[in-house]
Amino acid sequence: MPVSVVNIAYLVASVLFIMGLKGLTHPRTAVRGNLLGAMGMLLAIVVTLWDQRIISFEIILIGLVVGSAIGAIFAVKIQMTAMPQMVALFNGFGGGASVFVAGAALIELIIAGVHPQTEFTIATGASGIIGAVTFWGSLVAFAKLQGVMTEKSIVLPGQQFLKVVLGIVSVGLAVWLVLNPELTNTYWILVGVASALGILLVIPIGGADMPVVIALLNSYSGLAAAATGFVLGNNVLIIAGSLVGASGVILTNIMCKAMNRSLTNVLFGIMEPGESAQTSDEVYEGKIKATSADEIAMLFDGARRVVIVPGYGMAVAQAQHAVRDLANLLESKGIEVEFAIHPVAGRMPGHMNVLLAEANVEYDKLKEMDEINPTFQQTDVAIVIGANDVVNPVAREDSNSPIAGMPILDVDKARYVVVIKRSLSPGFAGIPNPLFAKDNTLMFFNDGKKAIVELIEAIKES
Amino acid sequence: MDSIVMVITIFVLAIFVGFEIITKVPPTLHTPLMSGSNAISGITLIGALISAGSQHSTLTTVLGLAAVVFATINVVGGFLVTHRMLKMFRKKD
């Protein structure tokens with residue numbers, strides 16, 4: 001097949017990717033958008049298989065079958081609550097593929113006795129570094145989210161210094177590779193150093209900062225593909241890679257803003273300690289009102305509007321279906337029910353939305369923070385399930401607090417607040433939450449799912 | 001035009017297109033956006049196919065095979081799971 005035909009097919013594939021992403025701008029068109037993207041990918045693959053350089057199809061077939069089987073099994077089996085770790089894992093595979101492709105392309109040239117051009121080796125070095133950081137960073141993120149290793153921030157002594165050194169060494173190796181491309185081992189040493197850097201970059205990042213990291217790794221996996229596109233001089237790789245890179249950067253930015261933290265803060269695992277932080281005894285002493293399902297059920301008599309605020313705790317307790325039942329029950333009593341979704345609720349952007357969609361909650365009931373905050377004053381009962389820092393009024397009131405300035409959901413403005421939580425243990429920020437001690441707050445200490453089920457029973461009986 | 005300038009032009013323009021489109025994606029679809037765009041970044045598969053099939057040396061074939069497996073997991077898994085998620089987003093009839 002002539003080169004121009006292949007390139008035109010790649011152009012069509014790129015257009016399909018762009019149209020596919022455009023489809024994702026609305027839930028109605030999103031399914032079609034995703035299919036368009038998949039068609040673009042299929043077209044690109046089919047056309048590539050016609051490439052004259054491909055002599056042996058057996059190896060390719062093995063790879064495609066094995067990869068498709070593993071990918072399909074993951075995609076079908078995975079639980080919606082485990083989506084963050086799966087996206088992390090897939091990101092990693094994308095990065096790993098870039099490392100291998102760039103390495104193979106370099107070795108091929110050297111074997112063929114061609115002296116690679118400078119642009120080519122720069123791109124190869126970039127692919128190696130970004131790809132390896134993505135792969136290992138994603139694996140660590142996966143291990144943290146899956147509970148294989150602790151979700152807490154791990155800060156080793158001298159870690160920042162070591163990261164800087166590893167960063168400089170990998171760039172130095174890339175320069176060495178550009179000057180002496182015949183020494184292909186340099187590439188693999190570079191990959192090794194970048195791998196260590198990838199691990200060290202994600203290890204200090206704690207649980208609630210995960211959404212930022214996943215978004216950032218998403219962006220890296222795109223940039224790795226784009227860098228590989230520069231290596232191969234292939235436009236569709238460059239276009240697709242930069243689309244994904246841009247997407248990841250935007251999401252990273254949204255997540256950082258929603259936590260009022262800079263990217264450097266997140267990446268270096270820094271949580272600024274507050275100066276006048278009150279101890280939990282001072283905040284909670286004698287002010288906590290623990291309650292039962294029956295008492296809460298009475299709050300709904302005559303209530304007109306209820307807002308449910310889900311957090312990561314809902315995902316952990318797998319409570320999304322029970323929450324849906326509760327919402328339906330309240331609606332059948334003529335109460336207006338809406339959901340307030342904080343941008344960083346959960347462990348990845350949009351995590352809560354997917355869980356509630358799985359439980360058949362209509363998407364237009366899920367409200368963004370800016371939209372729902374003004375309505376809390378007209379809300380009779382706000383039910384907080386498994387969320388903590390994102391509803392902590394300290395963020396608004398105390399400029400010395402570690403979460404000062406973080407935008408929060410103003411649940412404390414509702415007439416009554418019901419907080420479903422196992423204990424008074426602090427959230428990720430490690431500070432007490434005065435919301436729990438407020439006059440209009442009732443604490444329901446229980447497992448998220450059990451609490452909702454008991455509440456449903458109590459409402460039915462009352 | 002110099003070929004390297006050409007590819008950089010494409011790179012920069014594509015980033016702008018990406019920014020324009022992605023900023024319009026509503027927060028409710030951010031998870032499918034991540035898994036879907038992630039599947040698209042599996043486009044590295046194309047480079048992997050060429051490396052795996054060209055048989056320059058055993059080493060490049062092995063590297064190519066590993067890359068094909070990784071990238072295919074990324075592509076197939078990514079598009080499928082996105083589809084599964086998106087089908088769940090609906091309004092009540």
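In this predicted model, F339(A) touches I308(A), V323(A), A327(A), L356(A), V361(A), K365(A), L366(A), K367(A) and I372(A), leaving aside residues up to four places away in sequence. F339(A) also belongs to the largest nonpolar core, where it is among the residues that touch the most other members. Two residues of chain A, N260(A) and Q318(A), are described below for their positive phi values.

**Nonpolar cores**
- The largest nonpolar core has 127 residues.
- The members of this core that touch the most others are M83(A), F300(A), I308(A), F339(A) and I43(B).
- Helix α4 of chain B, residues 58-88, gives the most to this core, contributing 12 residues.
- A second core, separate from the largest one, has 36 residues, including V266(A), V391(A), V394(A) and A437(A).
- I308(A) appears both among the contacts of F339(A) and among the residues that touch the most other members of the largest core.

**Positive phi values**
- Most residues other than glycine have a negative phi.
- N260(A) is not a glycine, yet its phi is positive, at about 50°.
- N260(A) sits in the loop between α9 (235-259) and α10 (263-267) of chain A.
- The relative accessible area of N260(A) is 43%, so this residue is partly exposed.
- Q318(A), also a residue other than glycine, has a positive phi near 55°.
- The loop between α13 (312-316) and α14 (320-332) of chain A holds Q318(A).
- Q318(A) has a relative accessibility of 29% and therefore counts as partly exposed.

Definitions and conventions
Residues are numbered from 1 along each chain as its sequence is written. Chains are lettered from A and ligands numbered from 1 in the order in which they are written. This is a predicted model: local features need pLDDT of at least 70, side-chain atom pairs count only at pLDDT 80 or more; totals for chains, interfaces and linings use all residues. Side-chain values use heavy atoms; hydrogens and water are left out. A nonpolar core is a set of buried Ala, Val, Leu, Ile, Met, Phe, Trp, Tyr and Cys residues joined through side-chain atoms within 4.5 Å. Buried means under 20% relative accessible area, exposed over 50%, partly exposed in between (1.4 Å probe, protein chains only). Helices (H or I, at least four residues) and strands (E, at least two) are DSSP runs, numbered from the N terminus. Contact means heavy atoms within 4.5 Å.
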